Amino acid sequence: MGQNEKYWTADVSSLSKEQVKAKLWEELRLKADIGTKGITISENALNAIHQDESFRGQKLGGGRNRKLYKGKDLPGCVYLPYGLKVTFTWNETSSYVVELVNGKHTLTYEGKSLGEIQYSKKLPYDGQTSSDGVPLDLIGHADYYDQHVIISYSNECSYKERDEDCLFCNINYNKDLYTEKFGPYWRTPLQVAETVKAAFEHGVANHATLTGGVVAERRELEYYVDAGEEIAKALGVETFNGTATVAAPTDFSNIHKLKEAGFRTTAMNLELWDKVFYEAVCPGKAHGSGGWDNWVKALEYAVGVFGWGRVRSNFVAGIEPMPRTLEGFEYLCGKGVVCSFNVWAPNVGSAFEGHRSPETEWYIEIATKLAEFWKKNGFTFDQIHDATAGDYRLPSDIFRIENEVFDIFKEAGKGAVA
Ligand code: SF4
């Protein structure tokens, strides 16, 4: 699927823009519901997509899934009938099942069809390797839909050594499972730069996020500078549309160094606003990065360095009460920090394995309020795109629905008789 192709299958030619908007809001609720309950796929449908040479599956059976998945590669995501992208969070007991109906991949709920869906396809550079022989699709993960490539420089986090991993995170669990299959996992700055270059040159992405676990003695901060310089060199530019995702430094001169290395944006993911929850759920971050107060100060300082709307903080929404998270969104957005959040999918291998997410309407409400904070603080869609790791989260959808940014709006009413 190329950058200008359709992500929706529904016929909207006889609908007005207002009607398309209403359909997208309906689909947003469906997407949030899939996010909280997970999704599965029938054997027939999975076999069929594996016969399609353009199919590209998710590589980890752990990831965001409820349980460890060991079968044929699952889709990484699906595009719903009106084009919203939803991550394929596998849950074998979910009532949402992708089935093959009359040869079409169809989303069903308790056996009832909800429409035809599509999958993410192979990238034009899949099969290429870095100059030292590592497949580029093992270094970075990209999707035309988001115009974004994300690279995790390592698959481990040193907080594990003190038994202080964040309770919702399964990075170290995945490392134990997959190091043997995919090889040692530490990406060099050159590998990162070559992957970003391929994604940018093929038009798959115009924004890159570099992320990964925290390294002992905070050595990842030096790594980011080396990687930023290597990316800028590979692209032949001084600055590039890339986000350095770091744990808050205690020495703020490191924030200047990230900007000088070429990154346009930076991210420090606070995850929770309530200090007591933060200390309990993210003990490594609370003890290893100067604590909650330093984290908030670092975010505000970073806005002074990178600019308004050029700094992001992601949250895992659904662990602390909504009013606390909203307090954080309102405060930080008011300081120029683009907040974002993931639907909390308690995943296999994390300390929260077996827990449940809040209700669907809980997510619709918090996403609507965050989209309002974005608007109130003047963030443009381009700033949100450049600061966040992918355009598929609920508040981004709302922002694009309300501002009619989605391409599907261009097709509305085209078949109407005058
Ligand atoms: S800091 Fe927390 S969320 Fe980030 S990799 Fe380490 S354990 Fe996971």
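This briefing covers the domains, sheets and helix packing of one chain. The model is predicted. The domain assignment divides the chain into domain 1, residues 17-122, and domain 2, residues 136-402. An open sheet of seven strands, an open sheet of three strands and two helix pairs, helix 12 with helix 14 and helix 6 with helix 7, are described below.

**Domains and their contact**

- The centres of domain 1 and domain 2, taken over C-alpha atoms, are 25 Å apart.
- Across the boundary, 21 residues of domain 1 are in contact with 21 residues of domain 2.
- On the side of domain 1 that touches domain 2, helix 1 (residues 17-37) gives the most, with nine residues.
- That side of domain 1 is made up of seven nonpolar, seven polar and seven charged residues.

**Seven-stranded sheet**

- The strands of this open sheet follow the order 8-9-10-11-12-13-14, and the pairing is mixed.
- Strand 8 (140-143) and strand 14 (337-343) are the edge strands, and each pairs on one side only.
- On average, neighbouring strands of the sheet are turned by 25° against each other, direction ignored.
- Strand 8 and strand 9 (residues 148-152) run antiparallel and are joined by four bridges.
- I151 in strand 9 is the bridge partner of G140.
- Helix 5 (residues 189-201) lies across strand 8, strand 9 and strand 10 (207-211).
- The direction of helix 5 is at about 165° to strand 9.

**Three-stranded sheet**

- This open sheet has the strand order 3-2-7, with antiparallel pairing.
- Its edge strands, strand 3 (85-87) and strand 7 (118-119), each pair on one side only.
- Two bridges link strand 2 (residues 77-79) with strand 7, and the two strands run antiparallel.
- Y79 has Q118 of strand 7 as its bridge partner.

**Helix 12 and helix 14**

- Helix 12 (residues 360-376) packs with helix 14 (residues 394-402) at an angle of about 60°, and their axes are 8 Å apart.
- Because of that angle, helix 12 is oblique to helix 14.
- The crossing of helix 12 and helix 14 is right-handed.
- Helix 12 contributes Y363, A367, T368, L370, A371 and W374 to the contact, and helix 14 contributes L394, P395, I398 and F399.
- By class, nine residues in the contact of helix 12 with helix 14 are nonpolar and one is polar, with no charged residues.

**Helix 6 and helix 7**

- Helix 6 (residues 220-235) and helix 7 (residues 253-260) pack at about 20°, with 8 Å between their axes.
- Helix 6 is therefore roughly parallel to helix 7.
- The crossing of helix 6 and helix 7 is left-handed.
- From helix 6 the contact takes in L221, Y224, V225 and G228, and from helix 7 it takes in N254, K257 and L258.
- By class, the contact of helix 6 with helix 7 has four nonpolar residues, two polar residues and one charged residue.

How values were computed
Residues numbered from 1 in each chain as written. Predicted model: local features only at pLDDT ≥ 70, side-chain atom pairs only at ≥ 80, totals over all residues. Axes fitted to C-alpha atoms, helices over the stretch in contact; angles between N-to-C directions. Parallel < 35°, antiparallel > 145°, perpendicular 65-115°, else oblique. Left-handed = near helix turned anticlockwise from the far one by under 90°. Contact = placed C-beta atoms within 7 Å. Nonpolar A, V, L, I, M, F, W, Y, C, P; charged D, E, K, R; others polar. Domains from an automatic or database assignment. Pairing = 2+ DSSP bridges.
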